[in-house]
Amino acid sequence: MEGSIKDLALYRLQTAKDDLKRAEFAYEMNDYKLALNRSYYAIFHAIRAVNSLDGYDSSKHKGVITHFNKEHVKTGEFPKDISKMIANAMNFRQKSDYEDFYIISKDDAKEQVANAGYVLELIEKYLSERIDGK
């Protein structure tokens, strides 16, 4: 595998892991809006890591997600439930970032952080197999 593509995928995965740590920390600090935001970005950067192996990127979040779902979920490389998790994370993040007076519950924030962890776990395993052949 070409070094620069591998490096890009691993860099994006590390960015996703860092975002997940921030989401977990924000949740522990009762900052649920920030936990939602960082949970979404953890998923988003992990998806971009996978897409980079396809030579695909987009300046639009929807484009990144659509490509991932089409090329990796619909093909069975990832479980179908991941699509709903991604959509929910994006929806929660948009509401918490852009809607006035939006209040997220502790339970919803906890679920989103857990979902981000699950998605990252799947993507890290996938990337390890694709990049290292393990």
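1. Start with two rings in this predicted model: Phe-78 and Tyr-126 are both buried. Their ring centres lie 5.0 Å apart with the planes at 50°, so this pair is tilted. Along the chain the partners are 48 residues apart: Phe-78 sits in the loop between helix H3 (61-73) and helix H4 (81-98), while Tyr-126 belongs to helix H5 (residues 106-132). The pair therefore links distant parts of the chain.

2. The count of aromatic pairs comes to six. Among them is Tyr-41 with Phe-44, which is edge-to-face, at 6.0 Å centre to centre and 85° between the planes. These two residues are three apart in helix H2 (residues 32-53), which means about one helical turn separates them. An α-helix has 3.6 residues a turn, so residues three or four places apart point the same way.

3. Are Tyr-41 and Phe-44 buried or exposed? Tyr-41 counts as buried at 16% relative accessibility, because the cut-off for buried is under 20%. Phe-44 is buried too, at 6%. Together with Tyr-40, they form one aromatic cluster.

4. Now have a look at helix H4. Its 18 residues reach 26 Å from the first C-alpha to the last, close to the 26 Å expected at 1.5 Å a residue.

5. Which residues of H4 are buried? They are Ile-82, Met-85, Ile-86, Ala-89, Met-90, Phe-92, Arg-93 and Ser-96. These residues cover an arc of only 165° around the axis, so they lie on the same side of H4. That buried set packs against H2, H3 and H5. On the other side of H4, Lys-84 and Tyr-98 are exposed.

Notes. Residues numbered from 1 in each chain as written. Predicted model: local features only at pLDDT ≥ 70, side-chain atom pairs only at ≥ 80, totals over all residues. Heavy atoms only, no water. Phe/Tyr/Trp six-rings, centres within 6.5 Å; stacked < 30°, edge-to-face > 60°. Helix = DSSP H or I, 4+ residues; strand = E, 2+ residues; numbered from the N terminus. Buried < 20%, exposed > 50% of the residue type's maximum accessible area, 1.4 Å probe, protein only. Expected span 1.5 Å × (residues − 1). Arc of directions from axis to C-beta. Contact = heavy atoms within 4.5 Å.
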